[in-house]
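Trainee: I would like a close look at one part of this structure. Please take me through it in a single connected account, and give the reasoning where there is any.

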Amino acid sequence: VDDLSRQAMAKLFPRRHGDRWPALALDPASALRFAQGSDALDRHQYATARVMLGKVVESAPGFGPARLALARTLAGDGRVRQSAEQAA
């Protein structure tokens with residue numbers, strides 16, 4: 001998978017050949033919670049997703065995908081202001 005990714009990046013972005021992806025500021029427990037929260041969101045289990053994703057945002061505030069996913073759950077609950085804060 002890594003080789004395929006490098007090949008795709010070299011083809012799509014030849015000037016960035018050899019650049020490394022930045023490290024994710026996410027520990028294994030938070031990564032698991034993010035996966036569980038994303039899965040719950042896909043199954044429309046918004047309350048569960050909101051709790052799981054909220055924990056990820058607390059433990060890894062710089063992890064943007066968790067903030068965007070949390071924003072989706074908040075918007076679904078009609079919490080527009082809070083959703084906009086997370087999306088920003």
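Mentor: Contact, as I use the word here, means heavy atoms within 4.5 Å. Keep in mind too that the model is predicted.

Start with the pair formed by helix H2, residues 28-42, and helix H3, residues 46-59. Their axes come within 8 Å and cross at roughly 155 degrees. An angle over 145 degrees counts as roughly antiparallel, so H2 and H3 are described as roughly antiparallel to each other. The crossing of H2 past H3 is left-handed. From H2, the residues that meet H3 are Ser30, Arg33, Phe34, Gln36, Gly37, Ser38, Ala40 and Leu41. Their partners in H3 are Tyr46, Thr48, Ala49, Met52, Leu53, Lys55, Val56 and Ser59. By class, this contact of H2 with H3 consists of eight nonpolar, six polar and two charged residues. Arg33 and Lys55 are the charged ones, while Phe34, Met52 and Val56 are among the nonpolar ones.

Two residues of H2 deserve a separate word. Glutamine 36 belongs to H2 and is among the residues that meet H3. Its relative accessible area is 37%, so glutamine 36 is classed as partly exposed. Between glutamine 36 and threonine 48 the C-alpha to C-alpha distance is 8.9 Å, with twelve residues of separation in sequence. Threonine 48 is itself listed on the H3 side of the contact. Alanine 35 also sits in H2. At a relative accessible area of 42%, alanine 35 is partly exposed. The C-alpha atom of alanine 35 is 13 Å from that of valine 57, and the two residues are 22 apart along the chain.

The loop between H2 and H3 contains histidine 44. This residue has a positive phi of about 60 degrees although it is not a glycine. Histidine 44 is exposed, because its relative accessible area is 56% and the cut-off for exposed is over 50%.

Now follow the H2 and H3 contact residues across to helix H4, residues 64-76, through threonine 73. Apart from neighbours within four places in sequence, threonine 73 touches Leu41, Tyr46, Ala49, Arg50 and Leu53. Of these, Leu41 comes from the H2 side of the contact described above, and Tyr46, Ala49 and Leu53 come from the H3 side. Threonine 73 has a relative accessible area of 0% and is therefore buried. A polar atom of its side chain lies 2.7 Å from the backbone oxygen of leucine 70, which is within the 3.5 Å limit for a polar contact.

Leucine 70 leads on to the next pair, since it is one of the H4 residues that meet H5. H4 and helix H5, residues 80-87, have axes 8 Å apart and pack at an angle of about 170 degrees. H4 is therefore roughly antiparallel to H5. On the H4 side the contact involves Arg67, Leu68, Leu70, Ala71, Leu74 and Ala75, and on the H5 side Gln82, Ser83, Gln86 and Ala87. This contact divides into six nonpolar, three polar and one charged residues. The charged residue is Arg67, and the polar ones are Gln82, Ser83 and Gln86.

Serine 83, in H5, ties in to H4 by a side-chain distance. Its side chain reaches the backbone oxygen of alanine 71 at 2.8 Å. Beyond its neighbours within four places in sequence, serine 83 is in contact with Ala71, Leu74 and Ala75. The relative accessible area of serine 83 is 11%, so it counts as buried.

Finally, glycine 76 lies in H4. Glycine 76 is exposed, because its relative accessible area is 57%. Its C-alpha atom and that of valine 56 are separated by 19 Å, with their positions 20 residues apart along the chain. Valine 56 is one of the H3 residues that meet H2.

Note on methods: Residues numbered from 1 in each chain as written. Predicted model: local features only at pLDDT ≥ 70, side-chain atom pairs only at ≥ 80, totals over all residues. Heavy atoms only, no water. Axes fitted to C-alpha atoms, helices over the stretch in contact; angles between N-to-C directions. Helix = DSSP H or I, 4+ residues; strand = E, 2+ residues; numbered from the N terminus. Parallel < 35°, antiparallel > 145°, perpendicular 65-115°, else oblique. Left-handed = near helix turned anticlockwise from the far one by under 90°. Buried < 20%, exposed > 50% of the residue type's maximum accessible area, 1.4 Å probe, protein only. Polar contact = N/O pair within 3.5 Å; in protein donor to acceptor, adjacent residues only side chain to side chain.
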